[in-house]
Amino acid sequence: MVDTRSLPWPEGTDSAELTIITVEGPPLPRHEVRIRPRLPQWPRGDVLVLADPIPGQPAEGALATFSHGLAEHGLITAGPGGALLVALPSDSAAWTDPAFLELLAVAAVSRDIAPASRGVGLLGFGAIGAAHATAVRETLGLHLAAVCDRDPARAAVACASDPDVRVHDDAHALIDDPGVDVVVISTPPDSHAYWAMAALERGKHVVVEKPMALTTRECDALIEFARGRGLALSVYQNRRFDPDYTLIRDSVRAGRIGEVFHLETFVGGYAHPCNYWHSDAGVSGGALFDWGSHIIDQVLDLIDGDVESVSAVNHKRVWHDVTNADHSRMTLHFTAGREATFVYSDLAAALKPRWYVLGTRGAITGDWRRESVLSRNAIGTLHEDHFAPADAPPRVRLHSADGDVTDLAFKEAEPHPFHADLSLWLQYGFAPRVRGEQSRRVIAMLEAAEESARMGGLPVKPS
Ligand SMILES: NC(=O)c1ccc[n+]([C@@H]2O[C@H](COP(=O)([O-])OP(=O)(O)OC[C@H]3O[C@@H](n4cnc5c(N)ncnc54)[C@H](O)[C@@H]3O)[C@@H](O)[C@H]2O)c1
């Protein structure tokens, strides 16, 4: 069957539609299919979709394949006149899956576009710097071009295994480096807005670490400037891809607990806050900003609709040698009375669950694990290394209205999903899942929470 379909076409491509020749034959029953792209331009790895594929097409020469039993079959193959042969019925669920459609678009244009690679410059190579370096090195379409850190020992670590990486001792030199197309800003939060704007002004695409900035005014200036120059601007909201969160999101979107009307989420414990910038409210933005920039991003992604007001309380009771609050609570009041509360605490001798999500037909909980790694020390005795609760993904359970409780299994993680999206965005213009405007909305909630806390918990409308 010959069909024409609109795809998320890469910017600058003439065609708005693609001819698809749907290969006929008896489909397999619909199930989760692992599609293996064989394209040198595809940074995302395998694509998992619910599909009813048609086996029997040759895998030889195919642009993407799938396995059934022990045999590998072609799923997407180059057809005549630029068309694609796709071994799926025309009403398959895969045709509404964004990742599958992007794969088709890349397959359709890959013959005309040579694989290109964007140079990434890392500004700040502290705790998170190594994670970016690994992700950039392992993502097709990106390469590590340069690194800058005030601390020469840290910068030296970044280039130890790769002499082609340039090391700059001055941040201006990094953002002026002609081999750098994208600057990843991993300095402490109070300098994000300054360095992001400086890099955008030099015509660089920018990824900022979370939180995007400390005020919505700064976020707005960055977004407007990037938009005006046609530059990519994003925030590393990596916890959008955490296994517990994606499991909860997929379960909620599949309607397994009905409409979510009440959510509680918690991070913390009872311990002295770290003696580092994270605990300095002037640098970090406050206790809510550090973890809240992850958690509120997840909440806003999970619950649709406007937030009418934010209320919050900060407690300062025990740890007087640092300026962050010891315990903070913020509640987002969504339309129609739905609400989501986040508590961050360094005074919680008893932990609340990481997730407590109530829907109109069921609930989901996420309970912290108490995990540790056992090993022998140098003289052979047992050494037990305890995970901080937040370092082990919580155990996620689905609770039905009649009391059944089911453990939900994590799905296989995507390899470097944020960086793969960045690569596809820069190469083809596909919209990434994390967008700067979403992170700006996160900051609006955190800003409103701090204002509410200053006014003793009165509700504040986020800007
Ligand atoms: N997404 C995540 O999961 C995650 C995890 C940790 C940290 N972060 C974020 O990453 C950012 C950095 O956090 P970190 O824990 O890596 O901090 P860090 O203090 O360990 O590292 C920051 C580095 O930036 C360098 N630096 C600061 N200003 C500089 C300048 N002008 N020029 C050159 N180098 C400069 C410092 O020398 C330091 O090595 C923060 O915004 C934090 O919130 C995100």
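What follows walks through the sheet, a helix pair, the ligand shell and two backbone oddities in a predicted model.

Start with the sheet. It is open and has 6 strands, running in the order β10-β9-β8-β11-β12-β13 with parallel pairing. At the edges sit β10 (166–168) and β13 (233–235), each of which pairs on one side only. Going from one strand to the next, the twist averages 25°. Helix α3, covering residues 152–159, packs on this sheet and touches β8 (118–123), β9 (142–148) and β10. The direction of α3 makes about 160° with that of β9. Over at the β13 edge, the partner strand is β12 (residues 205–208), and the two pair in the parallel sense over 3 bridges. Within that pairing, Val208 stands opposite Val235 in β13.

Next come two helices, α5 (residues 192–201) and α6 (residues 216–229). Their axes come within 10 Å and cross at roughly 10°. Angles under 35 degrees count as roughly parallel, and α5 and α6 are therefore roughly parallel to each other. As for handedness, the α5/α6 crossing is left-handed. On the α5 side, the contact is made by Ala193, Ala196, Met197 and Leu200. From α6 come Glu218, Ala221, Leu222, Phe225, Ala226 and Arg229. By residue class, this contact splits into 8 nonpolar and 2 charged residues, with no polar ones in the mix.

Then there is the ligand. The shell around it holds 21 residues, and those that come nearest are Gly124, Gly126, Ala127, Thr187 and Glu209. In terms of chemistry, the shell is a mixed bag: 8 of its residues are nonpolar, 7 polar and 6 charged. Polar residues do turn up here, whereas the contact of α5 with α6 has none.

Finally, the backbone has a couple of spots to look at. One is a cis peptide bond, which runs from Lys210 to Pro211 and has omega near -10°. Pro211 itself is found in the loop between β12 and α6, so to speak on the way from the sheet strand that pairs with β13 to the helix that crosses α5. The other is Ala336, which has a positive phi of about 60° although it is not a glycine. Ala336 lies in the loop between β16 (327–334) and β17 (339–345).

Definitions and conventions. Residues are numbered from 1 along each chain as its sequence is written. This is a predicted model: local features need pLDDT of at least 70, side-chain atom pairs count only at pLDDT 80 or more; totals for chains, interfaces and linings use all residues. A residue is near a molecule or strand if its C-beta atom, placed from the backbone, lies within 6 Å of it. Ala, Val, Leu, Ile, Met, Phe, Trp, Tyr, Cys and Pro count as nonpolar, Asp, Glu, Lys and Arg as charged, and the others, Gly among them, as polar. Axes are lines fitted to C-alpha atoms, for helices over the stretch in contact, and angles run from 0 to 180 degrees between N-to-C directions. Helices (H or I, at least four residues) and strands (E, at least two) are DSSP runs, numbered from the N terminus. Angles under 35 degrees count as roughly parallel, over 145 as roughly antiparallel, 65 to 115 as roughly perpendicular and the rest as oblique. A crossing is left-handed if the near helix is turned anticlockwise from the far one by less than a right angle, and right-handed if clockwise. Two residues are in contact if their C-beta atoms, placed from the backbone, lie within 7 Å. Two strands pair if DSSP finds at least two bridges between them.
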